[in-house]
Amino acid sequence: MAPPKLYHEPRSGPSRGALLAARAIGVPIEVEKVDLMKKEQLKESFLKINPQHCVPTLDDDGFILWESRAIACYLADKFAKDDQWYPKDLQRRALVNQRLYFDGSNLYVKIRAICHPILFLGETEIKPFLRDDLNNTLKFLDGFLSSTKWVAGDNATIADTSICSSVSNLFAIGWDLTNYPNIQRWYKNCASLPGFDENQEGAKQFGDAVKKNLKQ
Ligand SMILES: N[C@@H](CCC(=O)N[C@@H](CS)C(=O)NCC(=O)O)C(=O)O
């Protein structure tokens with residue numbers, strides 16, 4: 001059977017999060033780039049696959065799925081050789097889910113609230129209330145990491161791959177993370193994740209694009 005295909009934009013944090021999960025799990029995956037700057041997601045051929053026109057989008061032998069964290073869960077359940085990345089144990093899995101939802105509904109949303117207007121709406125500064133809001137969320141993440149090596153326990157899971165892609169955006173835009181020693185320590189450990197360097201390349205492109213539009 002053909003490997004699943006991931007429609008992917010390297011500058012997108014969620015898209016990199018799904019790819020990082022695939023690399024960690026070890027799924028052979030075909031990557032097809034969708035250039036959001038060229039609005040390729042609005043092509044009729046892509047709209048037929050995903051009318052919501054967002055990346056990442058997965059096509060597994062005709063089964064179409066979007067939402068990066070749902071893709072990571074699906075890939076882990078279907079292809080992982082063991083349950084390290086997405087535990088079967090009810091409570092360990094629930095904790096991974098909690099961290100995934102924390103990223104999808106809180107951390108990533110706050111990063112997007114800052115970066116999207118800078119990238120696409122002519123904003124040149126970061127509003128203090130958005131900065132405070134994100135820093136507040138980072139405090140929670142730093143707290144999660146105060147007693148465990150990884151974000152949902154003592155081994156890496158798809159919560160780490162998802163949050164790693166979000167946090168890599170912050171490093172790439174030069175966010176001040178000095179008040180979050182646990183995040184910094186964890187992020188160093190993330191360098192051991194398969195696909196980390198590939199993620200960094202996309203994050204750098206994202207960060208350069210944001211920094212170019214920020215008032216110095
Ligand atoms: N919650 C979604 C977010 C997906 C998303 O917003 N993708 C953006 C790039 S970061 C996108 O494809 N934007 C293009 C569009 O919506 O037309 C996920 O985690 O996959």
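## Residues around the ligand

A residue counts as near the ligand if one of its heavy atoms lies within 4 Å of it. In this predicted model, the residues that surround the ligand are Ser12, Pro14, Leu36, Gln41, His53, Cys54, Val55, Pro56, Glu67, Ser68, Arg69 and Tyr108. By residue class, this shell consists of 6 nonpolar, 4 polar and 2 charged residues.

## Polar contacts and burial

Two side chains face oxygen atoms of the ligand in the contacts described here. An N or O atom in the side chain of Gln41 is 3.0 Å from a ligand oxygen atom, and for the side chain of His53 the corresponding distance to a ligand oxygen atom is 2.8 Å. Glu67 contributes a contact to a nitrogen atom of the ligand, with a polar side-chain atom at 2.7 Å. The ligand on its own exposes 510 Å², and 76% of that area is buried by the protein.

## The largest pocket

The ligand takes up the space of the largest pocket. This pocket holds about 970 Å³ of space. Its lining is made up of 35 residues, and those nearest the centre of the pocket are Ser12, Pro14, Val55, Tyr108 and Arg112. Ser12, Pro14, Val55 and Tyr108 are also among the residues around the ligand.

Which helices each supply at least two residues of the lining of the largest pocket? They are α1 (13–25), α3 (68–79), α4 (90–120) and α8 (196–213). Of the elements, α4 gives the most to this lining, namely 12 residues. The lining of the largest pocket divides into 19 nonpolar, 10 polar and 6 charged residues.

## The cavity

There is 1 cavity of 30 Å³ or more in the model. The largest cavity contains about 40 Å³ of space. Gly13, Pro14, Gly17, Ala18, Ala21, Ser68, Arg69, Ala72, Ile158, Thr161, Ser162 and Ser165 form its lining. Pro14, Ser68 and Arg69 in this lining also appear among the residues around the ligand.

The helices α1, α3 and α6 (158–173) each supply at least two residues of the cavity lining. The most comes from α1, which gives 5 residues. By class, the lining of the largest cavity has 5 nonpolar residues, 6 polar residues and 1 charged residue.

## Backbone geometry

Most residues other than glycine have a negative phi, and most peptide bonds are trans. The model holds exceptions on both counts. The peptide bond that joins Val55 and Pro56 is cis, with omega about 0 degrees. Pro56 lies in the loop between α2 (44–49) and β3 (57–60), and both Val55 and Pro56 belong to the shell around the ligand.

Glu67 has a positive phi, near 85 degrees, although Glu67 is not a glycine. This residue is in the loop between β4 (63–66) and α3, and its side chain makes the 2.7 Å contact with the ligand nitrogen atom. Lys39 is another residue other than glycine with a positive phi, here near 60 degrees. Lys39 is placed in the loop between β2 (30–33) and α2.

Terms used:
Residues numbered from 1 in each chain as written. Predicted model: local features only at pLDDT ≥ 70, side-chain atom pairs only at ≥ 80, totals over all residues. Heavy atoms only, no water. Polar contact = N/O pair within 3.5 Å; in protein donor to acceptor, adjacent residues only side chain to side chain. Areas by Shrake-Rupley, 256 points an atom, 1.4 Å probe, with all protein chains shown as cover. 1 Å grid on protein atoms, 1.4 Å probe; cavity = no way out; pocket = protein on both sides within 12 Å on 5 of 7 lines; lining within 4 Å. Sits in = over half its atoms within 2 Å of the grid points. Nonpolar A, V, L, I, M, F, W, Y, C, P; charged D, E, K, R; others polar. Points joined across faces, edges and corners; volume = space filled by probe spheres on them. Helix = DSSP H or I, 4+ residues; strand = E, 2+ residues; numbered from the N terminus.
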